[in-house]
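Trainee: I would be grateful for a close look at a single part of this protein, namely its salt bridges. Please place them in their structural setting as you proceed.

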Amino acid sequence: MKAYLLVMMIGWLTMQAHAQKVTISGYVADSASGEKLIGANVYDALSLKGTTTNSYGFYSLTLDPGDVDLTVSYIGYGSYSKKISLEQDVFLNIPLSLDNVLTEVVVSG
């Protein structure tokens with residue numbers, strides 16, 4: 001009985017040590033111009049993990065395999081949301097559209 005428990009415990013520890021991570025990465029850019037967006041927020045609502053894009057508009061987020069509820073946002077742009085099932089590394093470029101349309105303001109004296 002003790003040998004059986006020992007084998008089960010070693011098996012469980014081995015599985016934990018080999019638990020893989022997967023990475024979702026890519027670029028966040030303006031959908032019209034293609035200009036990379038620096039400092040955009042990339043967030044997974046399920047794992048509560050996130051990151052920001054670097055000075056090249058590149059992001060990389062390493063997570064456990066499984067479902068991801070990815071949200072990308074940037075000031076002045078509409079947010080992007082996508083549900084993904086991650087089983088392997090994924091490269092995903094994300095275009096964001098401007099969302100700062102203001103109505104005309106008339107100032108008279």
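Mentor: Helices and strands are here runs assigned by DSSP, with at least four residues for a helix and at least two for a strand, numbered from the N terminus. In this predicted model, the secondary structure amounts to one helix and eight strands. Read from the N terminus, the order of elements is α-β-β-β-β-β-β-β-β.

We may now turn to the salt bridges. Side chains of opposite charge can pair when their charged atoms come close. The structure contains two salt bridges. One of them joins Lys21 and Asp64, whose closest N and O atoms are 2.7 Å apart. This pair connects distant parts of the chain: Lys21 belongs to the loop between helix 1 (2-17) and strand 1, whereas Asp64 belongs to the loop between strand 4 and strand 5, 43 residues apart. Lys21 has 46% relative accessibility and therefore counts as partly exposed. Asp64, with 45% relative accessibility, also counts as partly exposed.

Another salt bridge is formed by the side chains of Asp69 and Lys83, at 3.5 Å from N to O. Because Asp69 lies in strand 5 and Lys83 in strand 6, the pair ties together parts that are 14 residues apart in sequence. Which of these two residues is buried, and which is exposed? Buried means under 20% relative accessible area and exposed means over 50%. Asp69 has 18% relative accessibility, so Asp69 counts as buried. Lys83 has 67%, so Lys83 counts as exposed.

The strands that carry this pair also belong to a sheet. Four strands make up an open sheet in the order 3-2-5-6, with antiparallel pairing. Its edge strands are strand 3 (49-52) and strand 6, each of which pairs on one side only. On average, neighbouring strands of the sheet are turned by 20 degrees against each other, direction ignored. Within the sheet, strand 2 (residues 41-44) and strand 3 pair in the antiparallel sense over four bridges. Tyr43 stands opposite Gly50 in strand 3.

Finally, the nonpolar core deserves attention. The largest nonpolar core has 19 residues, and among those touching the most other members are Ile24, Leu70 and Leu92. Strand 5 (66-73) and strand 6 (80-86) are among the strands that each supply at least two residues of this core. Beyond its neighbours within four places in sequence, Ile24 is in contact with several residues, including Leu70, Ile84 and Leu92. Over the protein as a whole, buried residues make up 28% of the 109 residues.

Terms used:
Residues numbered from 1 in each chain as written. Predicted model: local features only at pLDDT ≥ 70, side-chain atom pairs only at ≥ 80, totals over all residues. Heavy atoms only, no water. Core = buried A, V, L, I, M, F, W, Y, C linked by side-chain atoms within 4.5 Å. Buried < 20%, exposed > 50% of the residue type's maximum accessible area, 1.4 Å probe, protein only. Contact = heavy atoms within 4.5 Å. Pairing = 2+ DSSP bridges. Axes fitted to C-alpha atoms, helices over the stretch in contact; angles between N-to-C directions. Salt bridge = Lys/Arg side-chain N within 4 Å of Asp/Glu carboxyl O.
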